[in-house]
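These are my notebook entries on a single protein chain. I looked up its strands, its turns and a few individual residues, and I record each result below.

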Amino acid sequence: MLNPMVGGISLAAAVAFAVAFGGSDANAQRRNPFDGAWSVNIQVTRGDCNSNALYGVVITNGSVRYAGGANVAVAGSVSTKGAVSVRVASGSQSAAGTGRLSLSGTGGGSWSGKGTNGRCSGRWSAQRSG
């Protein structure tokens, strides 16, 4: 991550995408259509966050998780219709993001959070990568 605050906040916004396929055909029919790997681009538009970033996330059965190795807590979901809602925390920093994914493999939304230098917010965009 480029900056601890940006990392935590970025995940919140990003937070919503990517994962492991597998299991029986019956399970495949119950999977969320947005399951799989996604690349999420975080844009900072307001506040004292000093950079934009690109992150990998994974959605499994509609649950969002960060695909990186940082110590970040992510709790989020993607509905079967593509609505995204995510919360991310890392130490004293936290962020939340909402938005929508499309079956065409793209998506976007907004995020806001609190980091070591105060509040930040911005937009996120996503593209299916797996």
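Entry 1, the hairpin of strand 6 and strand 7. I looked first at the hairpin that strand 6 and strand 7 form, and I found 4 residues between the strands. In this hairpin G105 takes a positive phi, near 95 degrees. I note that the model is predicted, and I read every value in that light. Strand 7 covers residues 106-115 and runs antiparallel to strand 6, to which 8 bridges join it. I then looked up L101 and found that it stands opposite G107 in strand 7.

Entry 2, the hairpin of strand 5 and strand 6. I turned next to the other partner of strand 6. Strand 5 spans residues 83-90 and strand 6 spans residues 93-101. The two run antiparallel, and 8 bridges join them. I asked which residue of strand 6 is the bridge partner of A89. I found that it is S94. The hairpin has 2 residues between the strands, and here G91 takes a positive phi near 65 degrees.

Entry 3, the residue N61. I looked up N61 because it has a positive phi, about 50 degrees, although it is not a glycine. N61 lies in the loop between strand 2 (53-60) and strand 3 (63-66). Is N61 buried or exposed? Its relative accessibility is 55%, and exposed means over 50%, so N61 counts as exposed.

Entry 4, the residue G118. I located G118 in strand 8, which covers residues 118-128. Its relative accessible area is 24%. Buried would require under 20% and exposed over 50%, so G118 is partly exposed. I also looked up its separation from G47, a residue 71 positions away along the chain. The C-alpha atoms of G118 and G47 are separated by 7.3 Å.

Entry 5, the whole protein. I then recorded the overall composition. How many helices and strands does the protein have? I found 2 helices and 8 strands. From the N terminus on, the order of the elements is α-α-β-β-β-β-β-β-β-β. The protein has 130 residues, of which 44% count as buried. It exposes about 6300 Å², and carbon and sulfur atoms supply 47% of this area. Finally, I looked at the contacts with a separation of 6 or more, and residues 24 or more positions apart account for 51% of them.

Note on methods:
Residues are numbered from 1 along each chain as its sequence is written. This is a predicted model: local features need pLDDT of at least 70, side-chain atom pairs count only at pLDDT 80 or more; totals for chains, interfaces and linings use all residues. Side-chain values use heavy atoms; hydrogens and water are left out. Two strands pair if DSSP finds at least two bridges between them. Buried means under 20% relative accessible area, exposed over 50%, partly exposed in between (1.4 Å probe, protein chains only). Contact means heavy atoms within 4.5 Å. Accessible areas come from the Shrake-Rupley method with a 1.4 Å probe; for residues, only the protein chains shown count as cover.
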